Amino acid sequence: MSQSKLRWGVLGCAGIAKRAVIPGIQQSQTGVVAAIASRGEDKAKETAAQLNIPTYYGSYEALLADDQIDAVYIPLPNHLHKEWTIRAAEAGKHVLCEKPFALNAEEAEEMKAACAKAGVKLAEAFMYRHHPRYAMIKDIMQSGEIGTIRGIRGAFTFNNAKDANNVRYKQFMGGGSLYDVGVYPISAARFLLEQEPQAATVHAFFSPEHDHVDMMASGLLEFADGVALTFDCGMWAAGRNVLEVLGTEGRIEVPSAYVVRQNEDDHFFVTVKGERREVTVPYVNQYALQADDMGRSVLEGKQQRFEPSDAVLNMRVIDACMKSAQERIRVVL
């Protein structure tokens with residue numbers, strides 16, 4: 001491509017888009033937010049004015065028809081990810097799709113195939129793994145400083161249960177805590193261990209007050225050599241956002257594991273033989289880094305850090321977790 005910046009369009013005015021992803025793209029080195037679309041023109045116009053976006057559309061189709069848009073970010077409800085990723089690919093747009101990538105691995109495979117056929121890039125919006133601290137954590141694990149890895153523990157919970165009309169609490173939209181926040185510790189364990197789990201066992205609380213979606217889930221993922229991820233995720237629990245890696249000689253604690261604040265809260269701790277040290281990390285915008293990964297892939301031909309195949313694999317694990325929780329069984333992957 002001849003232009004110096006990737007021209008992004010945003011399909012939808014979701015909170016995560018307005019609060020984090022759009023500002024992240026605007027702060028990136030490679031991208032600009034050129035347009036935003038909503039199902040109604042008034043909402044798109046208002047959001048465009050708030051975020052200094054030059055063009056707005058009253059339909060997603062109109063944005064996809066704009067030949068001045070190179071890539072789209074999709075923050076729509078989960079059940080719409082497959083449809084609009086495929087429609088964007090068919091319109092020749094590169095796609096950054098919000099997590100969870102799809103409702104299941106079968107949908108994820110279809111999205112991957114559609115983008116490959118169209119010759120466009122596709123990525124899942126797991127911003128946390130673009131932050132340099134995860135490479136730092138992996139380096140410490142691989143250095144042997146904390147010994148042989150015995151397990152990983154992760155948690156991501158919040159309490160939004162009173163918001164009864166939230167899309168997270170609609171089954172047909174792909175609601176539930178596993179889809180919304182459980183995906184984070186699951187993805188992180190796969191990334192840090194560089195392997196896929198062999199089995200999943202999950203116990204969940206399905207709330208009748210919230211369309212019977214899982215409002216809390218606790219799980220165990222079995223990896224090779226007896227290593228496991230133990231995790232919990234919830235949308236009706238006190239807030240937590242943590243990760244711990246346990247080794248034979250020490251451990252790594254990440255107090256703010258997935259959502260960063262660009263301050264001292266983002267640092268992590270390493271404890272070896274009773275001595276605990278704080279590891280400082282760069283104060284960077286992980287959403288900007290996520291956008292730059294796509295931007296450099298499109299503009300410079302660099303390989304994406306995380307290919308669409310990773311999103312498919314993560315959805316296979318989520319499928320197993322959902323099956324385990326619903327049927328109260330251990331699921332072998």
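This is a walk through a predicted model, from its sheet to its pockets and then to a few single residues.

Let us begin with the sheet. Nine strands make it up, and following them across gives the order S14-S13-S12-S11-S7-S10-S9-S8-S15. The sheet is open and its pairing is mixed. Which strands stand at the edges? They are strand S14, residues 275-279, and strand S15, residues 331-332. Each has a single partner strand, so one side of each is left without a neighbour in the sheet.

Now look at how some of the strands pair. S7 and strand S10, which covers residues 228-234, run parallel and are joined by seven bridges. You can find one place along this pairing at Ile152, whose bridge partner in S10 is Leu229. On to S9: S9 and S10 pair in the antiparallel sense, over seven bridges. Here Leu220 stands opposite Thr230 in S10. S9 also meets S8, and these two run antiparallel with eight bridges between them. In that pairing, Phe206 has Asp214 of S9 as its bridge partner. As you trace any of these strands, keep a general pattern in mind: side chains in a regular strand alternate between the two faces of the sheet.

The connections between strands are worth a stop too. S9 and S10 form a hairpin with five residues between the strands, and in this hairpin Asp225 takes a positive phi near 65°. Asp211 sits in the loop between strand S8 (199-206) and strand S9 (214-222). Its phi is near 60°, a positive value in a residue other than glycine. Is Asp211 buried, partly exposed or exposed? With a relative accessible area of 36%, Asp211 is partly exposed. Further along the chain, Arg328 lies in the loop between H9 and S15. Arg328 is not a glycine, yet it has a positive phi of about 55°. Its relative accessibility is 60%, so Arg328 counts as exposed. One more loop has a feature of its own: between strand S5 (94-98) and helix H5 (105-118) you will find Pro100. The peptide bond that joins Lys99 and Pro100 is cis, with omega at about -15°.

Next come the empty spaces. In general, rolling a probe the size of a water molecule over the atoms shows where empty space is left. The largest pocket has a volume of about 1,300 Å³. It is lined by 50 residues, and those nearest its centre are Ala14, Gly15, Ile16, Arg19 and Arg168. Several elements give two or more residues to this lining: helix H1 (15-27), strand S7 (149-159), helix H7 (177-193), strand S11 (236-247) and helix H8 (286-300). Which of them gives the largest share? H1 does, with six residues. By class, the lining of the largest pocket holds 23 nonpolar, 18 polar and nine charged residues.

The second largest pocket encloses about 210 Å³ of space. Of its 14 lining residues, Gln171, Gly175, Tyr179, Met322 and Gln326 are the closest to its centre. Helix H9, residues 308-327, gives the largest share of this lining, three residues. The lining of the second largest pocket is made up of six nonpolar, six polar and two charged residues.

Helix H7 deserves a second look, this time for Ser177, which lies in it. Ser177 counts as buried because its relative accessibility is 0%. Which residues does Ser177 touch, leaving aside those up to four places away in sequence? They are Gly182, Asp214, Met215, Met216, Ala217, Cys233, Gly234 and Met235. You have already met Asp214 as the bridge partner of Phe206.

Finally, turn to the cysteines. A disulfide is a covalent bond between the sulfur atoms of two cysteines. How many disulfides does the model have? The count is zero. Why does Cys97 form no such bond? The closest cysteine sulfur, in Cys115, is 9.1 Å from that of Cys97, which is too far for a bond; the cut-off for a disulfide is 2.5 Å. Cys321 is in no disulfide either, and the nearest cysteine sulfur, that of Cys233, is 8.3 Å away. Cys97 is buried, with a relative accessible area of 0%. Cys321 also counts as buried, at 0% relative accessibility.

Notes: Residues are numbered from 1 along each chain as its sequence is written. This is a predicted model: local features need pLDDT of at least 70, side-chain atom pairs count only at pLDDT 80 or more; totals for chains, interfaces and linings use all residues. Side-chain values use heavy atoms; hydrogens and water are left out. Buried means under 20% relative accessible area, exposed over 50%, partly exposed in between (1.4 Å probe, protein chains only). On a 1 Å grid over the protein atoms alone, a cavity is a set of points where a 1.4 Å probe fits but cannot get out, and a pocket is an open set with protein on both sides within 12 Å along at least five of seven lines; lining residues have an atom within 4 Å of a point. Grid points are joined across faces, edges and corners, and a volume is the space filled by probe spheres set on the points. Helices (H or I, at least four residues) and strands (E, at least two) are DSSP runs, numbered from the N terminus. Ala, Val, Leu, Ile, Met, Phe, Trp, Tyr, Cys and Pro count as nonpolar, Asp, Glu, Lys and Arg as charged, and the others, Gly among them, as polar. Contact means heavy atoms within 4.5 Å. Two strands pair if DSSP finds at least two bridges between them.
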